[in-house]
Amino acid sequence: MHLHLPNTERLSESTRTAREAFWLTIICGVAVYAFFMVIGSVSPSGAAMATLVADVLLVLYAGHAWYASRHMDSRDPRVIRARERRGF
């Protein structure tokens, strides 16, 4: 029995895009909450559940950012490839 798998590079790119969109949505939600808190339309004590959710999401994003900064290569392979193509 032969199992046909999809193109793993394309699958990897699409899952990477979905993960990045997820984390972008998380940080945008926290930013919207912070914006409304700063302009005074949301009171942190009045909206205790929203404050708790925003805090949890902020901690999750901070953990993700820390993990990503420790485990990813600092040089973007697209930039390296473009530099090599130009001859630099």
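Two rings of Phe, Tyr or Trp form an aromatic pair if their centres lie within 6.5 Å. The exercises below apply this and other criteria to a predicted model.

**Exercise 1. Determine how many aromatic pairs the structure holds, and classify the pair of F35 and F36.**

Step 1. A search of the whole structure finds three aromatic pairs. One aromatic pair is that of F35 and F36, whose ring centres are 5.3 Å apart.

Step 2. A pair of aromatic rings is described by the distance of the centres and the angle of the planes. For F35 and F36, the angle between the planes is 65 degrees.

Step 3. Planes over 60 degrees apart count as edge-to-face. The pair of F35 and F36 is therefore edge-to-face.

Step 4. Aromatic residues also group together elsewhere: F22, W23 and Y61 form one aromatic cluster.

**Exercise 2. State which secondary structure elements make up the chain, and locate F36 among them.**

Step 1. The chain contains three helices and zero strands. Read from the N terminus, the order of elements is α-α-α.

Step 2. F36 lies in helix α1, which covers residues 8-39.

**Exercise 3. Decide whether F36 is buried or partly exposed, and name the surface patch to which F36 contributes.**

Step 1. The relative accessibility of F36 is 35%. Buried means under 20% and exposed means over 50%, with partly exposed in between.

Step 2. The value of 35% falls between these limits, so F36 counts as partly exposed.

Step 3. F36 joins V32, F35, V38 and I39 in a nonpolar surface patch of about 500 Å².

**Exercise 4. Find the salt bridge of the structure and describe the setting of its two residues.**

Step 1. Searching the whole structure gives one salt bridge. The side chains of R16 and E20 form this contact, with a distance of 2.9 Å from N to O.

Step 2. A salt bridge requires such a nitrogen and oxygen to lie within 4 Å. The distance of 2.9 Å therefore meets the cut-off.

Step 3. Both R16 and E20 belong to helix α1, where they are four residues apart, or about one turn of the helix.

Step 4. R16 has a relative accessible area of 34% and is partly exposed. E20, at 47% relative accessibility, is also partly exposed.

**Exercise 5. Describe the burial and the exposed surface of the whole chain.**

Step 1. The chain has 88 residues, of which 10% are buried.

Step 2. The exposed area of the chain is about 7700 Å². Carbon and sulfur atoms supply 65% of this area.

Terms used. Residues numbered from 1 in each chain as written. Predicted model: local features only at pLDDT ≥ 70, side-chain atom pairs only at ≥ 80, totals over all residues. Heavy atoms only, no water. Helix = DSSP H or I, 4+ residues; strand = E, 2+ residues; numbered from the N terminus. Buried < 20%, exposed > 50% of the residue type's maximum accessible area, 1.4 Å probe, protein only. Areas by Shrake-Rupley, 256 points an atom, 1.4 Å probe, with all protein chains shown as cover. Patch = residues over 30% accessible without salt bridge, like charges linked within 9 Å, V, L, I, M, F, W, Y side chains within 5 Å. Phe/Tyr/Trp six-rings, centres within 6.5 Å; stacked < 30°, edge-to-face > 60°.
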